[in-house]
Amino acid sequence: MKAPDEIGNSALGSAKGWVPVNKETLQHVKYKNVFSLGDVAAVPLGKTGGSVRKQYKVVADNIMALINNKPLEAKYDGYTVCPIITDIGKVMLAEFDWSMKPTPSFPLDPTQERYIWWLLKAYVLKPMTMYGMLSGRA
């Protein structure tokens, strides 16, 4: 997970190859008309598809605010989710924010391995990304 060399080695990137941004607004620290998210953004957490699902709304809202000369009020809270495969047919769904506080999206104990999370990981996440998020519907 890193920015492509074309970004990391450009004026937009940092010495470590990431795009330096404010971790909450996702706005570039130097170029105010540039925003970054996902694998490219230099944020402490949030390099998963689940994170991007939360980040892109923040970026879209903040771009609109910037265009309209309004303050950037949308904030990314650091939400990330990591499906941890513990065995064949078993996954734990670790969801947390900047403080590492568990932030489950479902009313199920996130510390328990579940077959349902296996199904989510194996069959739902890729189509959700390809046909939902990438088309702007997720």
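This is a walk through the structure above, from the overall chain to its aromatic pairs, its open and closed spaces, and a few buried loop residues. Please keep in mind as you read that the model is predicted.

Let's start with the chain as a whole. The protein chain has three helices and four strands, and from the N terminus on these elements follow the order α-β-β-α-β-β-α. If you lay the C-alpha trace along its principal axes, the protein chain spans about 45 × 30 × 30 Å. The chain counts 138 residues, and 33% of them are buried. On the outside, the accessible surface comes to about 8500 Å², with 60% of that area belonging to carbon and sulfur atoms. It also helps to know how the chain folds back on itself: among contacts with a separation of 6 or more, 39% are between residues 24 or more positions apart.

Now for the aromatic rings. A pair of aromatic rings is described by the distance of the centres and the angle of the planes. Here the count comes to two aromatic pairs. One of them joins Y76 and W98 in an edge-to-face arrangement, with 5.3 Å centre to centre and 80° between the planes. The partners come from distant parts of the chain, 22 residues apart: Y76 sits in the loop between helix 2 (49-67) and strand 3 (80-87), while W98 sits in the loop between strand 4 (90-96) and helix 3 (115-133). Y76 has a relative accessibility of 2%, so this residue counts as buried.

The other pair is F106 with W117, a tilted arrangement with 4.9 Å centre to centre and 50° between the planes. This pair, too, links distant parts of the chain, since F106 lies in the loop between strand 4 and helix 3 and W117 lies in helix 3, 11 residues apart. How covered are these two residues? F106 is partly exposed, because its relative accessible area is 39%. W117, at 6% relative accessibility, counts as buried.

Both F106 and W117 turn up again when we look at enclosed space. A search of the whole structure finds one cavity of 30 Å³ or more, and its volume is about 40 Å³. Its lining is made up of L93, E95, P104, F106, L108, P110 and W117. By class, that lining has six nonpolar residues, no polar ones and one charged residue.

From closed space we can move to open space. The largest pocket holds about 330 Å³. It is lined by 17 residues, and the closest to its centre are G50, V81, L120, L125 and M128. Which elements build this lining? Helix 2, strand 3, strand 4 and helix 3 each supply at least two residues, and helix 3 gives the largest share, with six residues. The lining divides into nine nonpolar, five polar and three charged residues.

Finally, let's visit three buried residues in loops. G78 is in the loop between helix 2 and strand 3, the loop that also holds Y76. With a relative accessible area of 0%, G78 is buried. Beyond residues up to four places away in sequence, G78 touches L45, F96, D97 and W98; W98 is the ring partner of Y76 that we met earlier. The C-alpha atom of G78 is also 7.9 Å from that of K23, although the two residues are 55 residues apart along the chain.

T25 belongs to the loop between strand 1 (19-20) and strand 2 (41-42). At 7% relative accessibility it counts as buried. Setting aside neighbours within four places in sequence, T25 is in contact with F35, V58, N62, L72, A74 and K75.

G38 is likewise found in the loop between strand 1 and strand 2. Its relative accessibility is 4%, so G38 counts as buried. Leaving out neighbours within four places in sequence, G38 is in contact with G46, K47, V52 and Q55. The C-alpha atoms of G38 and S51 are separated by 7.0 Å, with their positions 13 residues apart along the chain as the separation.

Key. Residues numbered from 1 in each chain as written. Predicted model: local features only at pLDDT ≥ 70, side-chain atom pairs only at ≥ 80, totals over all residues. Heavy atoms only, no water. 1 Å grid on protein atoms, 1.4 Å probe; cavity = no way out; pocket = protein on both sides within 12 Å on 5 of 7 lines; lining within 4 Å. Points joined across faces, edges and corners; volume = space filled by probe spheres on them. Nonpolar A, V, L, I, M, F, W, Y, C, P; charged D, E, K, R; others polar. Buried < 20%, exposed > 50% of the residue type's maximum accessible area, 1.4 Å probe, protein only. Contact = heavy atoms within 4.5 Å. Areas by Shrake-Rupley, 256 points an atom, 1.4 Å probe, with all protein chains shown as cover. Phe/Tyr/Trp six-rings, centres within 6.5 Å; stacked < 30°, edge-to-face > 60°.
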